[in-house]
Every structure is written in structure tokens, then in C-alpha cells.
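Thanks for coming. I will take one structure today and go through its backbone, then its packing.

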Amino acid sequence: MGDGWREVALDEADWLAELRPDGALTGYDPGGRPDAVWILHAMYEWETGATLTTHHDLRRSLLDANLVEPELVGGINLDEWGVVDTGGAVGRSQHPGTGWRRLTWAELAARTDEPVVPPGSAPDFRSLPGAHPDGSWPASIEPPGEGSLDREGWLRLLDLLIAWSGPDTPCLAYIARGAAPDQEPHVLAGPLGEAAALYDDERGSGSPANLWPADRSWVTWSDWDLWGTKVAGPPALVEAILTDPELEALRLPWA
């Protein structure tokens, strides 16, 4: 369990339920309070020329989703390993390691000539359909994790929130039932400066469904069904997230 984070009464999250009564299972949408930004969960692409070291690397190595003819690389039939991947991680995710580079949503959207997020939608499995037209992704792409920010994104977001509110700020975190290994909701309380530990807390599966300070001046939302994490709060905080070079973020006026 995260040091400094203790379990408190579930009714601490009742005010969020008033905003979105149907969010108990996957997380509460805070709306725009008064502004909001979406952080897109990271995806990665196998780098051309990287050294293949494992069958996992080989399965994801420089393959085109339309490849149909058998190919042999290092004596291994790529058709046997598959040229597509059915999906990404659910819950915790992080940089896959050597040989992989960050692939932004904007870069991939430019390749497929489509919007980063379809109008009227939130970042989810319907996004970037040109990259996975049959529901499966090219083996050379590690798609976004669902339900939680990637580890690097979570830590960077916390850096920005700590710079805004201070490390000693008392906060609360809601772990939705759908993301909890024990299938029970939890509300935890602790200092913002120790919120990094929440990512590996055994009561959850990555970034909590919601995180907010005691004064409710901002709220994060990692819905268990989405590929993006919303942060709602003051416009200046939203702007700091939008312009941060380590995060890919955008405003979605309809969401």
C-alpha cells in the first residue's frame, strides 16, 4: 500500500457522485470545473533498425498490418507469431523498453488522415480507427493503455499538480469498483507529494479513477473504459498541462 495513504469513508466521494451518478463502477466525470483537458495515454512504436532480442520484440518488429505473405526472420515464421495485436494493456502500463519510441496520437492521426479523437467522442477504443480498422493493432505499435494513465504520464501529471498545489496538500483518491482487484470501491486519503505510490497500490490498478485535493479545486478522472485521463480545474493549471512537452494533451469541448 502507498505510504501515507489510508482508507477513509466512501461518502468522501459523494460529491463526485452528484456530478455523475453513473460513475461508481468506472470513475466520476468531473465535467469542466471551470476548464478541462484530456491527457492521452501513451502509445509506442517499434523503431526501425532496433535489435530484436526476444520473440515479443520479433512479434512487434516492423510489420505492416496488411502483410499476408509468410516471412522468415531469424528462422522464425512471422505468420506463426501473428502480424497484429488485439489490443493494449488494461490498467497499469509503461514504456515497453529498448527498441520502442513514443508515438503520439497526433502523428498516427496524420498518417491515417483522421482526427485525433472523433468529434463527440472521448478518447477510447473508437479513436484512431484507421490504425486498427478490424479491431486489431499492427504488431509494431503498442496501443494506449485503457483505464489508467501510463506510469510516466502519471508521474509527470503529479509533478505539475504538486507544482500547482504543493506536496503537503491533503488529497483524496477514489478507486472505482471496476478497477479494484477485490471488486470493491475504495476512497483513500493522503498527501499529494506521496501520490506516486498510488500507482502500485494493491487496492487499485494504476492511476485512481479520481484524485482531488480537499478544497476540490481540481479533479483527475481515469475512467476504466477510456484511453485518456481528464483533468478539470483552473484554466492556468489546464494550460500548464496542455503546454507540457512530456504529455500529449488536448481540449475536447464536447467531452
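Start in the loop between α4, residues 105-112, and β8, residues 137-138, where Leu128 lies. This is a predicted model, so everything I say about that loop and the rest is computed from predicted coordinates. Most residues other than glycine have a negative phi, and most peptide bonds are trans. Leu128 is not a glycine, yet its phi is positive, about 50 degrees. Is Leu128 buried or exposed? Its relative accessibility is 0%, and buried means under 20%, so Leu128 counts as buried.

Gln183 is another residue other than glycine with a positive phi, near 60 degrees. You will find Gln183 in the loop between β10 and β11, the latter being residues 186-191. Its relative accessibility is 42%, which is why Gln183 counts as partly exposed.

One peptide bond also deserves a look. The bond joining Arg33 and Pro34 is cis, with omega about -5 degrees. Pro34 sits in the loop between α1, residues 14-19, and β2.

Now the overall picture. The protein has six helices and 15 strands. It has 255 residues, and 50% of them count as buried. Take the contacts between residues at least 6 apart in sequence: 72% of these join residues at least 24 apart.

The helix I want to spend time on is α5. Its 15 residues should span 21 Å at 1.5 Å a residue, and because the end C-alpha atoms are 21 Å apart, the model agrees with that expectation. Just after α5 comes Gly166, with a positive phi of about 100 degrees.

Which residues of α5 are buried? They are Gly153, Trp154, Arg156, Leu157, Leu158, Leu160 and Leu161. Note that Arg156 is in that list. These buried residues pack against four strands and a helix: β2 at 35-40, β12 at 210-213, β13 at 219-221, β14 at 228-233, and α6.

Next, the helix pair. Two packed helices are described by the angle between their axes and the distance between the axes. For α5, residues 151-165, and α6, residues 235-242, the axes come within 11 Å and cross at roughly 145 degrees. The crossing is right-handed. On the α5 side, the residues in contact are Leu157, Leu160, Leu161 and Trp164; on the α6 side, they are Ala236, Leu237, Ala240 and Ile241. By class, this contact has eight nonpolar residues, with no polar and no charged ones.

That leads to the cores. In soluble globular proteins, nonpolar side chains tend to be buried together. Here the largest nonpolar core has 26 residues, and Leu211 and Ile241 have the most contacts inside it. Elements giving two or more residues to this core are β2, α5, β10 at 170-175, and α6. Which element gives the largest share? It is α5, with five residues.

Ile241 shows how these parts meet. Leaving aside neighbours within four places in sequence, Ile241 is in contact with Val37, Ile39, Leu157, Leu160, Val231, Leu247 and Ala249. Apart from the largest core lies another, of 17 residues, which includes Trp38, Trp105, Ala131 and Trp227.

To close, keep two items in view: α5 gives the largest share of the largest core, and Leu128 is a buried residue with a positive phi.

Conventions:
Residues numbered from 1 in each chain as written. Predicted model: local features only at pLDDT ≥ 70, side-chain atom pairs only at ≥ 80, totals over all residues. Heavy atoms only, no water. Axes fitted to C-alpha atoms, helices over the stretch in contact; angles between N-to-C directions. Left-handed = near helix turned anticlockwise from the far one by under 90°. Contact = heavy atoms within 4.5 Å. Nonpolar A, V, L, I, M, F, W, Y, C, P; charged D, E, K, R; others polar. Expected span 1.5 Å × (residues − 1). Buried < 20%, exposed > 50% of the residue type's maximum accessible area, 1.4 Å probe, protein only. Core = buried A, V, L, I, M, F, W, Y, C linked by side-chain atoms within 4.5 Å.
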